[in-house]
Structures are given as structure tokens and as C-alpha cells.
Amino acid sequence: MSDRPVLDIDIVCVGFGPAMGGFLTTLSRSGLSPNVICYERADDIAFGVSGAVTRARGIRASFPDLDPSEIPMATRVAHEKVLYLLDPAGASRRSTGLRLADRAIGAVRLARHSAVELPYTPPFLRKDDGLLFSIGQFNQWVGSQLIGSGAVQIWPGTPVSGPLIEGDRVAGVELPDMDVRAALTVVGDGPVGAVGRRLDERFGLPPGHHPREWAVGAKMVIDLPERVDLEPGTVFHSFGYPEPEIFGFFYVHPERVASVGIFVPSWFRCPVRTSYRYLQHYIQHPYLWRYLEGGTLRSWGAKSLAESGRRGEPYLAGDGWARIGEGSGSTNVLTGSGVDEAWTTGTQLAEGVVELMKDGRPFTRQNLEETYVRRRRASWVEAEGRIAERARDGFHRGVIAGLAGMALAGMTKGRFALGGEPKPMPPIAEYYRGRIPADEVRRIQRECAAKGTGAHDALMERAGWPEIACDGKLLMSLQDALLVGGKVQAAPGYPDHVRFTDSAACEDCDARTCVEICSGQAITPGTGAVPAFDREKCVYCGACLWNCPAGAICFEAGAGGLHSAEN
Amino acid sequence: MSYHIVVCGGIVPDPLQTLEPVMGPAGPSLKNESMLPAVLDPWAAHALFEAANLARNVAGSKVWLVSLGPKAKLQQVMMTVAQKAPFELVPIDGPAGAFTDPVGVSGALAAAIETIAGLDRQRLLVFGGWESATRGAGATMQMVGERLGIVDQFQGVDSLSPRDDGSFEILERIEGGRHQVSVCAGPPALVGWATGSLAEPRNNPQVGMANMRTIMPALQKARAANLQGSPPQFLSVTLPRQQRSTKVVKDLSTDEIARQIAAWINGD
């Protein structure tokens with residue numbers, strides 16, 4: 001019997017994001033008054049990261065009279081464009097097919113500002129009458145109403161170590177200094193949350209399900225120069241640059257503020273895949289730079305995205321627990337939408353919980369499946385998630401196959417798609433074969449390691465990417481961005497939440513993608529075989545976790561991270 | 001001797017946010033102030049941590065936190081602050097921005113302290129920040145003390161050490177990076193803390209839950225602030241101009257840090 005202090009409540013929740021917002025909002029309106037506590041790892045409920053443009057069907061169902069002007073940075077979607085970005089830098093790794101396409105575009109003078117505006121936005125991508133907002137401000141808006149209602153307690157700055165598992169049942173959660181026991185544990189801690197991953201380890205995944213596709217989403221929030229008169233609600237989706245595999249977005253908020261970002265996916269088989277450097281090249285693409293030049297960085301952030309969608313769905317409920325949101329496989333990778341889906345899964349669970357409480361039935365697996373899971377299976381989240389299940393498989397065969405596969409899946413409602421299987425990451429020397437001699441790659445790696453830095457900047461510049469001309473306002477080193485725009489803070493007194501568990505695997509690792517992918521430069525080469533970790537720079541993107549080919553990184557819940565309410 | 005320690009600590013927008021002053025019909029404010037994440041004023045937070053440490057080390061002592069801010073925002077901030085140290089909250093519902101003057105704020109704080117039930121003035125230590133992240137005049141705490149009739153006041157304090165005879169030794173910052181050492185015969189006294197020497201405590205959910213038993217009822221009964229005196233007139237508001245040069249290094253000696261800063265200022 002543990003001698004740790006114990007708190008007994010009715011419902012304990014892990015992670016405050018859109019899904020938990022949906023859950024708690026619905027539950028707080030039920031007229032029931034269970035004792036509910038939600039623990040959030042970050043230092044404030046507003047410190048989430050996502051560039052959110054959404055159809056907001058679920059959110060509007062919860063707030064039928066929602067006025068976007070109540071939420072800073074929110075507005076209605078006004079215009080949407082899909083852009084194919086050419087490669088003005090001449091450094092992007094394009095396939096022969098793409099190069100031919102680029103030449104053809106140049107020959108018929110189809111491009112403007114090195115980009116082609118597609119004349120047609122596929123229906124599955126459109127966010128007609130949707131909303132564009134900052135997830136941080138949306139969380140703040142929802143959370144402040146919930147806290148003000150007094151119906152629930154939301155405790156930020158409280159990392160949850162893991163679930164309390166007793167046999168096949170979850171009996172609550174472990175905090176660093178106490179246990180919280182509850183009849184129901186609601187897990188909404190995102191794609192790399194410690195509690196969700198512990199449940200996956202204990203209960204496994206349904207047959208055929210696998211969280212094998214990921215992406216790092218990195219974004220900047222930028223004050224646009226005064227000359228720019230883009231209408232709030234303008235949305236650009238882009239592909240083709242800085243690398244063909246990297247998708248991008250440009251959203252215009254009210255008051256001349258833009259969210260600009262990229263997704264670096266797991267199928268982009270580049271071992272030096274730093275999202276920040278690619279984001280710097282992305283914003284300088286001529287099509288976007290004509291709006292962004294002279295702008296000022298307000299904020300910056302990064303997060304992992306669970307790109308497997310429904311095919312990465314874990315078990316949604318068990319005895320004493322249920323999962324909602326992105327970590328439950330709700331993200332739709334075809335429509336590029338996750339916030340509204342996450343919100344809706346939260347409301348579905350709350351409706352199920354209320355039904356069970358009113359009937360006086362316990363939170364068993366069977367009862368939760370009959371209430372929550374049944375609702376979810378009958379909803380648009382499920383229907384659209386199924387359509388999207390195989391939509392991106394083609395990207396494992398190449399970008400053109402991937403785009404064709406997406407179009408095929410979208411147009412045929414998921415009946416047809418192009419298949420493909422993930423391939424292992426190539427060694428760095430192989431990736432740069434034909435561009436940088438292998439011995440020079442190794443020399444650059446050695447020199448950078450000796451300086452305690454990743455090799456991506458040096459390798460990218462050697463491979464033809466132009467140097468970043470820092471202006472101190474929008475273009476700046478990642479170290480500056482951590483302070484100016486990233487706003488990273490870590491309270492003292494906590495252990496490292498990233499640990500390297502297999503030094504032999506680190507010794508054998510050539511690419512050290514954990515160092516290169518690290519969004520905050522918190523992981524550096526270190527002095528021995530094992531990389532060094534500085535928790536004061538970690539933004540909790542979790543990219544190190546899924547980029548380690550040996551699975552030798554332990555990524556736990558911890559305090560601190562980003563301090564921006566605008567991401 | 002045990003102490004009754006009253007900490008005055010307002011809430012301020014998280015300094016890491018993008019803060020934009022705007023002029024509205026009711027005077028200056030911060031853009032989207034109600035939606036900015038807030039924190040306990042960092043100067044006052046040091047005072048709270050020192051108060052909690054003193055109370056832990058001197059049996060029978062007790063800590064109150066008197067905090068002025070919009071009630072809803074106070075409630076949100078307390079979900080974090082309450083995990084840091086045991087205290088009872090005395091909330092005052094009022095503005096938290098930078099645009100109130102110390103006269104009104106000190107009046108509201110002193111009035112709230114006067115209403116604390118069971119407060120023993122012979123054991124009273126009033127703590128607060130020497131400065132404030134929003135009210136940087138360094139005058140508020142001094143005026144709180146004057147309104148309460150506390151004549152022993154210490155500002156820029158880094159250390160308070162109780163002695164066996166009931167007196168305590170205080171280190172106040174003076175120029176040249178040195179401290180002035182004073183001995184105070186005992187309470188009542190007012191202490192405006194500099195940074196002290198304590199690290200921010202880890203969040204402790206147990207402490208938070210215990211605090212919430214009194215914090216939530218107190219918030220429900222929070223009185224509106226009566227900010228006395230004529231409000232100041234602001235002709236314009238701007239952010240300080242910044243010139244930034246960032247370098248992230250660790251384990252440098254203070255001498256070397258000072259040398260580098262001086263070199264940067266001199267443009268070397």
C-alpha cells in the first residue's frame with residue numbers, strides 16, 4: 001500500500017486543450033455537480049499551439065451564438081486559396097516529375113511571385129463559413145468561462161506522471177507528490193502525452209491500428225507591416241516549398257496579425273529536418289514575403305501532430321477511463337482539421353458521462369462504449385475520419401503519389417486511395433549523395449558536434465540553401481526566437497523530462513535526428529555518445545520521441561515550456 | 001514569537017506575453033488585457049515565498065495574501081499560485097493593469113488588511129514587493145505601511161532572520177551591490193522585498209487543494225476596490241524602447257557577466 005497522499009474525486013481529467021474544453025463545457029452545463037478536476041501540464045491554460053482554421057461545426061454546436069469578436073485573434077474564414085510554391089532558392093529536393101512540372105509552369109508563365117494559385121480548392125479542404133483563431137486565445141476564452149462557472153477546477157502547471165492502473169482498471173492518476181483517485185479518468189493529453197502513452201503500453205492498440213505517421217507543426221505569429229491590407233480571414237494552404245513534402249499555411253487574423261507555419265511530416269525522409277530553419281525559408285518565399293517583409297515576430301511555437309488520424313486510434317474507453325482529442329485519433333489528415341474534431345469528441349464523452357450518471361451506472365468499459373463510443377461512431381467525426389484513413393499513404397511513395405492519393409481519397413469518399421508503407425530514414429550521407437561528398441558530411445557533423453550544435457544549418461547551406469539574413473525583427477536565430485517569440489520558461493526544481501535510455505543506441509546512431517529535429521535546440525550533441533538535454537529550452541513539441549529510430553528516448557510530463565497565449 | 005504575515009501581491013499580465021498599451025475611452029489599458037494570461041506580480045511572488053518560508057520555520061505563524069485584481073482573473077491565477085505555499089486569500093475585486101496610482105492602491109490594500117479577522121498587530125509583518133511589474137514607482141508598500149501606522153519599514157530587502165529575543169535582522173540593498181544590516185526590535189514591521197534568496201517552489205497540488213478550501217469562498221465574497229483619490233491623467237502611453245542582443249550561455253561568473261554587459265553598453 002502506497003503511503004503517498006491521496007485525493008478522492010469523481011472525475012479527473014488530464015490535459016486542457018480543445019477536447020477537454022468540449023468535455024468540461026458540456027459537463028458543466030448538465031445540471032449535475034460531480035467533483036471534477038483537470039490537470040494541465042503547461043503553466044497556463046492558454047499555452048497551446050495550433051494554427052487553427054476550422055469549420056467549427058462542433059464548436060458552434062456548443063456555442064450557437066458564438067461571436068468571433070469575443071475571442072482575440074478570431075474571425076470568420078473569408079477567402080481560401082491553395083498554392084503550389086515553386087522553388088526560388090533552387091535548393092529544394094524535387095523529383096524529376098516535379099522539376100518537369102515546374103519547367104512547364106515556367107514555360108507557360110503560369111506562376112506569379114513563384115507560386116501558382118490553384119483555380120479550385122477541393123471540397124474536402126474547404127473551410128466554408130469556418131473560423132480562424134489562435135488556439136491559445138480560444139483555450140483561454142473557454143477555460144476562463146469554465147473556471148468562472150465554479151463547476152470544475154482546472155489546475156495549470158501540474159504535470160501528470162501517469163495513470164493509476166489497478167489490474168485492467170484505471171483508478172485515477174499519479175501526480176509528482178500525490179495520487180488522485182477517481183471513478184473516471186479522462187485522458188486528453190494530446191499526441192505525446194505521458195498518460196495516453198502509458199495506456200497504449202498497457203492496453204495496446206486495436207488490431208491494425210498504428211500511430212506511425214507524425215508531423216512537427218511549427219508556426220510564427222507575425223505583426224504584418226502597415227502596408228499590408230489582406231482581409232482578416234484570408235487563408236492560404238500551400239505545398240511545394242521549402243521541400244515538396246512540407247505543407248504550409250498562412251492565416252490572417254484581425255488587426256493585421258498573421259499565423260504562418262509549416263508541417264514537417266514523418267514521411268519527409270530527411271534526417272536533418274529542423275522545422276525552424278525550414279520555416280524561415282518558407283516565410284521568405286516571394287509569394288508570402290511580399291506580405292511578411294518588414295513584419296515583426298510576436299510569438300513562435302511548435303508541436304507534434306498525430307498524422308495517423310483514425311488509423312492511430314487507441315482503445316477509446318476502458319474500465320474507469322476514456323480518451324478524447326488528438327491522442328484518441330480524432331485528427332482528420334485529409335481535411336487538415338483537428339481542433340473541431342477534438343472538441344466534438346469531448347462533447348460526446350460528456351454526453352455519455354451525463355447519461356451514465358443520470359442512470360446511476362458505473363464508468364465501466366461496456367457502459368462507456370454504449371454511451372461515448374457509440375455516439376462517436378455515429379458522428380461526422382467517425383464518418384470523415386474513415387474517409388481520411390488511407391488518404392496520405394501515397395506520400396510514402398513520393399509527393400506526386402501522395403497528392404494524387406489525397407485527391408483520390410477525397411473525391412471517392414475514401415473508397416480508393418494509393419497505398420504506401422513507411423521507409424526507414426536514410427543515413428545523412430545517403431540523403432546528401434550527389435550534393436555533398438560523404439566525407440564532407442561527416443566533417444561537418446564532427447565540427448558542429450564539437451561546437452555543441454546540430455548540423456542542419458551547415459548542411460543545408462552547403463547543399464545550396466541561402467543563409468538566413470537575420471533582421472532581428474522577424475528573421476532571427478532560434479536562440480533569439482526562444483526568448484523573443486518562443487517565450488520558453490522552465491520552473492526550477494523539476495527533473496529532466498527527456499532522458500536517453502540506451503547509450504549503446506545513441507553510440508550507433510549516425511543521424512542524431514533528435515538533435516536536428518529539436519524545435520527548441522534543447523537537445524544538443526553533448527560531450528559523449530548520448531546527447532545533452534536542457535529542459536529550459538524545451539517547448540514540449542515531443543518530436544524527439546517519434547524521431548528516435550531506436551525508441552531510446554523517454555519523454556515524460558514536466559513543467560514549463562512555451563508561455564504564449566497567441567499560438 | 002510567531003508571526004502574522006500579510007503579503008500584498010497583485011496580479012500582472014504574464015511578462016512573457018506581447019503587451020500593447022492602447023488608449024480607450026476610459027483611459028489607457030493593455031490590448032486584450034482580459035484575455036492575457038496573468039501571473040502573481042514577480043516581486044510580490046518573492047515576498048510570498050519568503051513569507052511561506054518564515055511561517056514554516058516559525059511555529060504558529062500564518063500567511064495571508066491580499067491581492068487586487070479582477071475577480072475572475074484572480075480566480076484563474078490562484079489555481080497556480082495556490083500550489084506554491086499555504087496562505088489565506090484576501091481578494092479585492094479591481095483593476096490589475098498598470099494604470100492605477102499607488103495612492104488608491106495602497107488605500108485599498110490597507111483597508112483590506114484592517115478587515116482581516118483575528119489579525120494580531122503585535123505580531124504583524126506586512127510583506128510586499130519593493131517594486132512591481134506594473135506599478136514601478138516603489139511607493140505603494142511604503143504608503144500601505146503609513147496608512148497602517150507601521151513605522152518600521154524596510155525596502156529592497158533580501159533577507160530577514162529572526163533572532164531568539166524576538167528581534168530580527170534585515171539586509172537591505174544599498175548601492176554598490178552591498179547590504180545595509182538593520183536589527184528591528186520586532187513586529188509590527190513592513191518589508192518591501194527585493195528578490196530574496198529563495199527559488200520559486202514547485203507546484204504542490206496538495207497545498208493547492210488545501211488553500212482552495214478558503215480561497216474559493218473568499219473569492220465569492222470579494223469586495224470591489226475603493227481606489228481613493230483622484231485618478232491620474234495619462235497623456236500618452238508607450239512601451240519602453242528596447243534594444244535587444246541575446247546570447248544564451250551558462251555558468252559564467254558574475255564578474256564576466258558584468259564585464260560583457262558593460263562592454264555591450266559601451267558598444268565595444
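Two residues are in contact if their C-beta atoms, placed from the backbone, lie within 7 Å. The structure is a predicted model, in which local features need pLDDT of at least 70, side-chain atom pairs count only at pLDDT 80 or more, and totals for chains, interfaces and linings use all residues. Residues are numbered from 1 along each chain as its sequence is written, while chains are lettered from A and ligands numbered from 1 in the order in which they are written.

Chain A contains 18 helices and 24 strands, these being DSSP runs numbered from the N terminus (helices H or I, at least four residues; strands E, at least two). Its radius of gyration, 23 Å, is close to the 24 Å of the globule rule for 567 residues, so chain A is as compact as a globular protein of that length; the radius is taken over C-alpha atoms, and the rule is 2.2 Å times the number of residues to the power 0.38. Of these 567 residues, 57% are buried, that is, 20 or more other C-beta atoms lie within 10 Å of their own, with C-beta atoms placed from the backbone.

Helix H9 of chain A, residues 365–377, deserves a separate description. Its end C-alpha atoms are only 15 Å apart, short of the 18 Å of a straight helix, the expected span being 1.5 Å times one less than the number of residues. H9(A) bends by about 30 degrees at Thr371(A), an angle between axes fitted to the seven residues ending there and the seven starting there. Thr371(A) is also among the buried residues of H9(A), as is Tyr372(A). The cover over them includes strands E17 (317–318) and E18 (321–323) and helices H8 (339–359) and H10 (380–388) of chain A.

Notes. Buried ≥ 20, exposed ≤ 12 C-beta atoms within 10 Å, placed from the backbone.
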